[in-house]
Amino acid sequence: MNKNLKLRAIVWEIIVPIVLYYIVFLSAMYFIFAFIGHTASTYMIAQIISAAITIPFMYFASYKPTQQMFVKKPKIDRALFINVLWVIVITLFISFALNNIITMSPLIGLSEGYARANESFYASTLVIEMIGSAILSPIMEELVFRGIVFGNMRKIMNVPQAVFLSALLFGLIHFNIVQFVYAFLLGLVLAAFMYKSGHVYAAMIGHITANAFAVIRTETGILKWTVDGSVMAWVVSVMCLGIGAVIFLSLIHI
């Protein structure tokens, strides 16, 4: 592929879908806030409605053509069930460890944006947060950043490059250093899940697992001792990260 064609492909198949996603999602958020008001307690309701609008729009506008050309349909069998279990196990270990390590690191104090985002994410009830943060948002974001962006990147670059760049873009769209680090690292794992499985379902399940666990931890207060900065908290977190990484690398070959 010559440089002009590659640049055109980058614009139309990577940048345009992301811009389209933002236009649809943020426009929906704007109009919903106009009706219900923009407060921390209404944020998640607006996000749920906006995601419900954005998901079908992005599916038919951008994902379906990508799916037809680059994504194989999963066969529902024992192998699929085992793959789902491994995705859940790996994601639990890695997301748990990353959340702990980042929370105990100096990064938290460097990001006012992260504090504001957390205030909005966890200002509703557990049920609403699970629907918004743990189900609809992961489906929407994976559809865009793995299903569309990563899927299209595979047409114009090799797999490692596509995994890295799709994760980098996913991290950058969170607009604060704490979420950037977490989203970038988790994004590497999620893109690898999609590549290995051949379908976006694996990335969606991984993202849902990570977000659901984060919501439950935050709202119930379980495992607070793992982020208290103690030696034991660091040891457990690093061990979980190591276990998750070993399992992940043993199953993923890119």
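**View 1. Contact of helices α7 and α8 in the predicted model.** From α7, the residues Y182, L186, L190, F193, M194 and S197 meet Y201, A202, A203, G206, H207 and A210 of α8. By type, the residues of this contact are nine nonpolar, three polar and no charged. The axes of α7 and α8 lie 7 Å apart and make an angle of about 145°. Their crossing is right-handed.

**View 2. The largest nonpolar core.** This core has 57 residues, and Y21, F145, V149, F193 and F248 have the most contacts inside it. Two or more residues come from each of α1 (3-36), α2 (40-70), α3 (78-104), α5 (126-156), α6 (159-172), α7 (177-197), α8 (201-220) and α9 (231-251). A second core, separate from this one, has five residues, among them F96, F213, V236 and C240.

**View 3. Surroundings of F145.** Apart from neighbours within four places in sequence, F145 is in contact with I18, Y21, F150, S166, L169, F170 and I173. Of these partners, Y21 is also listed with F145 among the residues with the most contacts inside the largest nonpolar core.

**View 4. Surroundings of F150 in helix α5.** F150 has a relative accessible area of 0% and is therefore buried, the cut-off being under 20%. When neighbours within four places in sequence are left aside, the contacts of F150 are F145, V159, A162, V163, S166, A191, M194 and Y195. T209 is 59 residues from F150 along the chain, and the C-alpha atoms of the two are separated by 20 Å.

Terms used. Residues are numbered from 1 along each chain as its sequence is written. This is a predicted model: local features need pLDDT of at least 70, side-chain atom pairs count only at pLDDT 80 or more; totals for chains, interfaces and linings use all residues. Side-chain values use heavy atoms; hydrogens and water are left out. A nonpolar core is a set of buried Ala, Val, Leu, Ile, Met, Phe, Trp, Tyr and Cys residues joined through side-chain atoms within 4.5 Å. Buried means under 20% relative accessible area, exposed over 50%, partly exposed in between (1.4 Å probe, protein chains only). Helices (H or I, at least four residues) and strands (E, at least two) are DSSP runs, numbered from the N terminus. Contact means heavy atoms within 4.5 Å. Axes are lines fitted to C-alpha atoms, for helices over the stretch in contact, and angles run from 0 to 180 degrees between N-to-C directions. A crossing is left-handed if the near helix is turned anticlockwise from the far one by less than a right angle, and right-handed if clockwise. Ala, Val, Leu, Ile, Met, Phe, Trp, Tyr, Cys and Pro count as nonpolar, Asp, Glu, Lys and Arg as charged, and the others, Gly among them, as polar.
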